[in-house]
Amino acid sequence: MGLLDEIKNNLDQDYFDMDKYRAEQAAKEAAEAEKAAKEQAEKPEEPESPAAEEKPAETPAEEKENPATAEAPAESAPAPKKKKKKKKKNGNKSEKELQELKDALDDALDEDLSDLDEFRDISDDVSTAVRKPTFKRNIYFATGILVSLMALIGFAFSIAYIVNFIGNIANNTHQKEVFIETVYPLVIADTASFDTVADLSGDTVLTAAIWDIILFEDTSAYTYEFGNVIVPEADVEYHATQMFGEGLTFEHKNLGDITLTFYYNAETKCYIIPVSPQYFSYTPKIEDIRKSGDTYTIMVGYIAPTPSWRLLRHEEEEITAKYLEYTLRKTNSGYIIVSAKEIEGAGIGDKHE
């Protein structure tokens with residue numbers, strides 16, 4: 001709107017200057033006309049030739065006797081008249097030129113308002129045409145900045161992903177996650193040390209298998225009743241076999257204690273398992289990995305649960321309660337647990353940020 005207002009102000013100023021100029025020209029022309037009229041009135045008429053006035057009229061006889069003399073006055077007399085007539089003609093020509101000049105000035109100054117309105121429309125169009133490229137340039141500039149910013153963000157994320165990927169390879173992050181899933185059910189159940197799977201009780205094996213279902217199994221295909229999921233005993237046995245290998249024997253019954261119980265229904269041959277059991281347990285943390293052929297020896301730290309009062313005091317550091325050394329064997333379907341041995345006095349009470 002600033003450019004439009006400026007053009008309108010200039011047009012209004014032009015109107016004012018034109019009117020002022022017309023008035024000045026009219027006053028100037030009136031003064032010149034008045035001056036010319038005064039000069040014309042004051043200028044005396046040119047007297048006739050003295051010879052024509054003083055010389056008496058010749059008689060007809062004399063005219064006959066001297067025809068050359070008689071013709072001379074006749075020729076000389078009209079001379080002043082011709083001169084006067086020529087001067088008048090020159091005066092009329094000057095007045096005509098002056099009138100033409102005046103008409104030309106009037107035509108030049110007599111502008112139609114519609115032309116000025118048309119000029120205003122053209123000015124508006126020019127202003128709009130100037131604003132449109134400016135708007136497009138601003139859009140292009142903003143788009144360029146946005147694209148550059150997105151490119152920088154993408155580049156930063158790519159660099160971070162590459163760094164994390166290299167770090168994960170260096171730290172065996174993926175392998176550690178697989179090992180944590182393998183031993184997590186035993187850590188939650190707080191299973192005691194054992195040299196072979198045969199040393200484990202049937203209750204320990206089934207309890208670990210049920211925890212494996214709770215932690216990692218998709219239970220959406222099972223039946224739900226009053227906040228519990230109904231799991232067939234065959235599925236429990238399958239998970240136990242995946243964890244400890246073949247050759248196991250099972251005796252199905254109620255498992256757990258007063259804190260948490262997994263009920264067994266002998267008629268339906270199913271376990272009634274809470275969907276989200278309220279149970280505080282240790283959390284596994286892989287501290288070391290050693291490999292020998294298909295056998296892996298891993299050191300697992302048991303991170304103690306954090307009481308709510310420690311969270312209130314912002315004491316959120318991890319405390320290792322104990323360490324167990326697990327032996328795992330790689331199979332086609334994953335890893336099976338071979339043994340577990342507690343390491344006495346190995347970093348007990350260690351704190352981790």
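Which residues lie nearest the centre of the second largest pocket? In this predicted model, the residues nearest that centre are Thr182, Asp212, Gln242, Ser333 and Tyr335, which belong to a lining of 13 residues. The volume of the second largest pocket is about 340 Å³, and its lining consists, by class, of 4 nonpolar, 6 polar and 3 charged residues. Several elements contribute to this wall, since α7, α8 (202-216), α9 (233-244) and β9 each supply at least two of the lining residues. In general terms, empty space of this kind is revealed by rolling a probe the size of a water molecule over the atoms.

Before following the pocket further, it helps to set out the whole chain. The protein has 353 residues, of which 22% are buried, and its secondary structure amounts to 10 helices and 10 strands. Among the contacts in the protein with a separation of 6 or more, 62% are made by residues 24 or more positions apart.

Thr182 is a convenient place from which to look at the pocket in detail. This residue is found in helix α7, which covers residues 173-189, and it counts as buried because its relative accessible area is 13%, where the cut-off for buried is under 20%. The side chain of Thr182 reaches back along the chain to the backbone oxygen of Val178, at 2.9 Å. Once the neighbours within four places in sequence are left aside, Thr182 is in contact with Met243, Leu328, Tyr335 and Ile337. One of these partners, Tyr335, is also among the residues that lie nearest the centre of the second largest pocket.

The contacts of Thr182 lead on to a pair of strands. Strand β8 (residues 318-331) and strand β9 (residues 334-343) run antiparallel and are joined by 9 bridges, and the connection between them is a hairpin of 2 residues. Within this pairing, Thr327 has Ser339 of β9 as its bridge partner. Beyond β9 the chain enters the loop between β9 and β10 (351-352), where Gly345 is found. Gly345 is exposed, because its relative accessible area is 65%, and the cut-off for exposed is over 50%. From C-alpha to C-alpha, Gly345 lies 8.4 Å from Tyr323 in space, while the two are 22 residues apart in sequence.

A further set of strands forms a sheet of its own. How many strands does this open sheet contain, and in what order do they stand? The open sheet is formed by 5 strands in the order β1-β2-β5-β4-β3, with antiparallel pairing. The edges are taken by β1 (223-225) and β3 (255-256), each of which has a single partner strand, so one side of each is left without a neighbour in the sheet. As a general matter, strands of a sheet pair through backbone hydrogen bonds, in either a parallel or an antiparallel sense.

The individual pairings can be read across the sheet from the β1 edge. There, β1 runs antiparallel to strand β2 (residues 228-232), to which it is joined by 3 bridges, and the bridge partner of Tyr224 in β2 is Val229. Next, β2 pairs with β5 in the antiparallel sense over 5 bridges, with Val231 finding its bridge partner in Tyr271 of β5. Strand β5 (residues 270-274) pairs in turn with strand β4 (residues 261-265), again in the antiparallel sense and over 3 bridges, and here Tyr263 stands opposite Ile272 of β5.

Two loops of this region hold residues with a backbone feature worth checking. The hairpin of β1 and β2 has 2 residues between the strands, and Phe226, in the loop between β1 and β2, has a positive phi of about 55° although it is not a glycine. Phe226 is exposed, because its relative accessible area is 84%. A positive phi of about 55° is also found for Lys269, likewise not a glycine, and this residue has its place in the loop between β4 and β5. Is Lys269 buried, partly exposed or exposed? Lys269 counts as partly exposed, because its relative accessibility is 47%, and partly exposed covers the range between the cut-offs of 20% and 50%.

Technical notes:
Residues numbered from 1 in each chain as written. Predicted model: local features only at pLDDT ≥ 70, side-chain atom pairs only at ≥ 80, totals over all residues. Heavy atoms only, no water. Helix = DSSP H or I, 4+ residues; strand = E, 2+ residues; numbered from the N terminus. Buried < 20%, exposed > 50% of the residue type's maximum accessible area, 1.4 Å probe, protein only. Polar contact = N/O pair within 3.5 Å; in protein donor to acceptor, adjacent residues only side chain to side chain. Contact = heavy atoms within 4.5 Å. Pairing = 2+ DSSP bridges. 1 Å grid on protein atoms, 1.4 Å probe; cavity = no way out; pocket = protein on both sides within 12 Å on 5 of 7 lines; lining within 4 Å. Points joined across faces, edges and corners; volume = space filled by probe spheres on them. Nonpolar A, V, L, I, M, F, W, Y, C, P; charged D, E, K, R; others polar.
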